[in-house]
Every structure is written in structure tokens, then in C-alpha cells.
Amino acid sequence: MKNFFLYFLTAIILLSCDSKAKIKRPDDLIAPDQMENLLYDMYVANGAVSVPNLNGEKNVNYMHLIYKKYQIDSVRFAESSLYYTSRVDDQERILRNVKTRLDELREKYRKEQDTLAESESDSPPIMPTDKNDTTKLKIRPRQAIRPN
């Protein structure tokens with residue numbers, strides 16, 4: 001009788017466990033398409049952190065610009081992200097689309113780099129000019145501008 005009770009109790013406990021988290025849908029949930037665009041921009045911004053910007057600055061956090069672009073805040077993003085995390089099928093579809101877009105972007109930049117490398121290798125080498133030869137274009141190195 002003890003074994004039966006122990007098995008019965010164990011079965012009840014195991015059956016009462018639910019592996020699916022029940023996350024309530026937030027009132028201001030970010031739409032799946034907008035979430036995809038948001039995550040794409042976040043991944044691009046995260047990848048750009050170590051690249052110097054036009055001002056020569058590195059390690060710049062661009063997340064506030066992304067939040068501003070989509071007119072959201074970090075709390076809304078966190079709640080929506082948690083909701084989509086609990087819905088594996090939706091999250092998988094969103095992340096698969098983001099990955100596809102990032103792969104396309106990576107391929108685009110690889111092609112551009114290859115094109116630049118080919119154009120540099122196709123250009124004729126710059127030959128040193130003779131001081132007395134006035135028919136050839138003379139290329140002088142650029143002088144740095146120094147403040148007075």
C-alpha cells in the first residue's frame with residue numbers, strides 16, 4: 001500500500017508540472033514584424049560597437065537610438081521579449097528571419113569587399129616619378145594641417 005501511495009503521489013506531481021510557461025500578453029506588445037526589425041537593428045548596432053564611428057569613437061552604445069527609432073523603452077522591449085520567449089514558435093520564426101537578414105547583409109558586404117579588392121588589384125601601380133620629367137603627374141603626399 002505504501003508503494004502504491006508513493007507511485008500515485010509521484011504521478012500526480014509529475015502530471016501537475018507544466019513545461020510551458022504561462023506569460024500574460026502585455027498590453028503594449030511589440031508586433032512580431034516590428035520585433036523582427038527591432039532585433040535586426042539591435043544586432044547590427046551591437047556589432048557596430050567595436051567599429052569606430054565617423055567621429056573616431058569606439059564602444060558607443062547605440063541602443064538608445066534604436067529605442068528612439070521604434071518609440072519604445074527598455075521595459076516595453078523586455079516585456080515583449082519575455083512574452084515571445086514563452087512562445088517558442090513565434091520566437092523561432094522571428095529569430096530565423098533576423099538571421100536570414102543578417103546573413104544577407106554579411107554577404108552584401110563581402111561582395112563589396114571583394115569588388116574593392118579586385119579594383120585595387122586591377123589598377124596600375126604608381127610608379128615613382130623622375131624629378132626632371134614634367135609629362136607625368138606627380139603625386140605628393142598630403143601634408144597634415146597643423147594649428148597655429
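Asp-41 lies in helix H2, and helices here are DSSP runs of H or I with at least four residues, while strands are E runs of at least two, numbered from the N terminus. The model is predicted, so local features need pLDDT of at least 70 and side-chain atom pairs count only at pLDDT 80 or more, whereas totals for chains, interfaces and linings use all residues. Residues are numbered from 1 along each chain as its sequence is written, and side-chain values use heavy atoms, with hydrogens and water left out.

**Exercise 1. Two acidic residues in H2**

Work out whether Asp-41 is buried or exposed, and do likewise for Glu-36.

*Solution.*
- Step 1: recall the cut-offs: buried is under 20% relative accessible area, exposed is over 50%, and partly exposed is in between (1.4 Å probe, protein chains only).
- Step 2: Asp-41 has a relative accessible area of 16%, so Asp-41 is buried.
- Step 3: look at the contacts (heavy atoms within 4.5 Å). Not counting residues up to four places away in sequence, Asp-41 touches Ile-66, Lys-69 and Tyr-70.
- Step 4: turn to Glu-36, which also lies in helix H2. Its relative accessible area is 11%, so Glu-36 is buried.
- Step 5: with neighbours within four places left aside, Glu-36 is in contact with Ile-94, Asn-97, Val-98 and Arg-101.

**Exercise 2. How far to trust the model**

Find which helix has the lowest confidence and which has the highest.

*Solution.*
- Step 1: pLDDT is the predictor's confidence in each residue, from 0 to 100.
- Step 2: the chain has a mean pLDDT of 79, and 68% of its residues reach 70 or more.
- Step 3: confidence is lowest in helix H1 (residues 2-16), with a mean of 62, and highest in helix H2 (residues 32-47), at 93.
- Step 4: where pLDDT is low, predicted coordinates should not be read in detail.

**Exercise 3. The fold and its core**

Describe the secondary structure of the chain, then say which element gives the largest share of the largest nonpolar core.

*Solution.*
- Step 1: the chain has five helices and zero strands.
- Step 2: of its 148 residues, 16% count as buried.
- Step 3: a nonpolar core is a set of buried Ala, Val, Leu, Ile, Met, Phe, Trp, Tyr and Cys residues joined through side-chain atoms within 4.5 Å.
- Step 4: the largest core has 18 residues, and Met-35, Leu-38, Leu-39, Met-42, Ile-72 and Phe-77 touch the most other members.
- Step 5: two or more residues come from each of H2, helix H3 (63-70), helix H4 (74-86) and helix H5 (88-122). H2 gives the largest share, six residues.
- Step 6: beyond its neighbours within four places in sequence, Leu-38 is in contact with Ile-30, Ile-66, Tyr-70, Ile-72 and Phe-77.

**Exercise 4. One side of H4**

Check the span of H4, then locate its buried residues around the axis.

*Solution.*
- Step 1: the expected span is 1.5 Å times one less than the number of residues.
- Step 2: the 13 residues of H4 should span 18 Å, and the end C-alpha atoms are 18 Å apart, which agrees.
- Step 3: the buried residues of H4 are Arg-76, Phe-77, Ser-80, Tyr-83 and Tyr-84.
- Step 4: they cover an arc of only 130° around the axis (taken from the directions from the helix axis to the C-beta atoms), so they are on the same side of H4.

**Exercise 5. An unusual phi**

Find where Gln-71 is placed and decide whether it is buried or exposed.

*Solution.*
- Step 1: Gln-71 is in the loop between H3 and H4.
- Step 2: its relative accessibility is 71%, so Gln-71 counts as exposed.
- Step 3: Gln-71 has a positive phi of about 55°, although it is not a glycine.
- Step 4: most residues other than glycine have a negative phi.
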